[in-house]
Amino acid sequence: MHPSLTELQQAYARGDLVIFAGAGISAGAGLPSWAELVKRLVAHARARGVTEHLLGEVDELVAARQFIDALSALKDALGGPEFCNFIERQLDDSTVAVHPAAKAIAALSANLRAVLTTNVDRILERALAGQWPTFSKATPDIAQRRGFLLKLHGTLHERNTWVFTRADYDRAMYADPQMQTAFSALFHGRTLLFVGYGLTDDDFDQLLARVRALSGDQPPRHFAIVPASAVRAYKRKVLESAGVSLIIYPNADGSHRELIELLTAIAPNATRATVDESTPQRVQSNRIPGASNLAQRIADEKPRHWEIKLFGQVLSDELAAASVERRDLQFGVSFGPPELRDPKDTLSWISTQLAAATHTTKILTNLVNTGLSDAMGPPGEHGDAHKLVYVANRIGQVYREVISWTLRWRRLHTDEAFRPTIELAQLAGHRFIYRIEEWNQRIATTVREHLEGNNNLPPGTTIDLGIVIDLPDGWEEQMQAQMAQLQRRFHW
């Protein structure tokens, strides 16, 4: 067994493994590679009367493997509609079979954190058979989610999401603050495994540039599975300096059989999904979406007081998953462009943010008072494991949203007169976050001290799972007074 497989197996068991799937997954199924796609586009452009001078420039770009610039030039020459129509026809996967590598990735879905891909075709969606949600852009909470497919370069039938040309790259991954934040969180908090990338491909160079930018002097450890023919000494050195270790397989016959074996070895006991090529089917599984291995075991084995143990475990998992963002808040790190606002606009912005905070508080109240009560079940009856996991997942989302809300105030740049109001708002955000963390700790303490081993409470004992979200003494009066003063000063 390859020595790095142990680390991958451990990351998978923790639910921390993220797979980056490249063009090789699609090319293996019979779709054109980057080089082949450009070659076909050149032939199409020539048939459409594009000048040989321009096509000669494209050939030079292809020879240098600068496919992004080659595609940019071809789109300019053909025009957007013609370019997109041709691309969509070439990358239509409806008539090709799902490659075994895609099936091997899907077979890991039970405890895989996520799959990210730069492919626009739907082969991975078909391999996953509707098991996971698919996103074509990052959402604010994407880095904390489990079990999703994120298509970094868009999806086939939504052309406005595509990333092929230089202008597309500039507006997508490298200009989108949510994508930057998600990539940073995944890079620092999860284990990444690159699969199906040629180490000289232009799109992999773009990803590698992002990896190098985040690496620093002590980069986290990540991995790339590559065929021996793709390895070059310099590229290997660049990857390893960025914290990406290579797992090399021979691929003597060109079948990439060893790649499938390596992916299978990450979780040798995983249930292998089968894909019906004619009709997409939902993979049947006893797993509860959003539950870690430990939480799933509690739901399956149902020990005494399993309901509170399951809820507490999932809530702890959710807070742990947000540890990177929590650390950002602790150290004052807030990605994204600054909020540059004039005073009157600032007053409107603050009102909107305070309304959002009120709404978030109501969501948490409903989740605890109604959702959790329903999920725990009536006295003397079993609870609902799926509902318990759902409620804990959603409370985790509330936690992440409050962190994000608090960080937004750090990016607000406006008149200095607003400084006390900004500090007061951040104080409320910190208080909200602390109360959720305190509640999580109280549940963990209850489980540890009263519900485990020989410390089980007698039947009929009531356990208070309530959470109190309060504000510091005098907070509301201070905020109202400050807002009134600012409204008078700026005639709002």
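The accessible surface of the chain comes to about 23100 Å², and 51% of that area belongs to carbon and sulfur atoms; such areas come from the Shrake-Rupley method with a 1.4 Å probe, and for residues only the protein chains shown count as cover. This is a predicted model, in which local features need pLDDT of at least 70 and side-chain atom pairs count only at pLDDT 80 or more, while totals for chains, interfaces and linings use all residues. Residues are numbered from 1 along each chain as its sequence is written, and side-chain values use heavy atoms, with hydrogens and water left out.

The chain has 492 residues, of which 49% count as buried, a word that here means under 20% relative accessible area (exposed is over 50%, partly exposed in between, with a 1.4 Å probe and protein chains only). It contains 20 helices and nine strands, which are DSSP runs numbered from the N terminus (helices are H or I, at least four residues; strands are E, at least two). Among the contacts with a separation of 6 or more, 75% join residues that are 24 or more positions apart, where contact means heavy atoms within 4.5 Å.

We can turn next to the nonpolar interior. In soluble globular proteins, nonpolar side chains tend to be buried together. A nonpolar core is a set of buried Ala, Val, Leu, Ile, Met, Phe, Trp, Tyr and Cys residues joined through side-chain atoms within 4.5 Å. The largest such core has 39 residues, and those that touch the most other members are Leu 310, Phe 311, Leu 364, Ile 395, Ile 436 and Trp 439. Helices α14 (293–301), α15 (306–321), α17 (343–376), α18 and α19 (419–450) each supply at least two residues of this core, and α18 gives the most, with eleven residues. Leaving aside neighbours within four places in sequence, Ile 395 is in contact with Phe 311, Leu 315, Leu 364, Leu 367, Val 368 and Trp 439. Apart from this core lies another, of 37 residues, which includes Leu 5, Ile 105, Leu 112 and Leu 193.

Helix α18 (residues 385–410) appears again at the largest pocket, where it provides the largest share of the lining, seven residues. On a 1 Å grid over the protein atoms alone, a pocket is an open set of points with protein on both sides within 12 Å along at least five of seven lines, a cavity is a set where a 1.4 Å probe fits but cannot get out, and lining residues have an atom within 4 Å of a point. About 840 Å³ of space lies in the largest pocket, and of its 31 lining residues, Arg 146, Gly 147, Pro 289, Gly 290 and Asn 393 lie nearest its centre.

The count of cavities of 30 Å³ or more comes to one, and about 170 Å³ of space lies in the largest cavity. Its lining has 15 residues, of which Ala 23, Pro 32, Trp 34, Leu 91 and Asn 119 are the closest to its centre.

Ala 23 is also one of the residues in contact with Gly 196, along with Gly 22, Gly 24, Ile 25 and Ile 225, when neighbours within four places in sequence are left aside. Gly 196 is found in the loop between β5 (191–195) and α11 (202–215), and it counts as buried because its relative accessibility is 18%.

Terms used:
Grid points are joined across faces, edges and corners, and a volume is the space filled by probe spheres set on the points.
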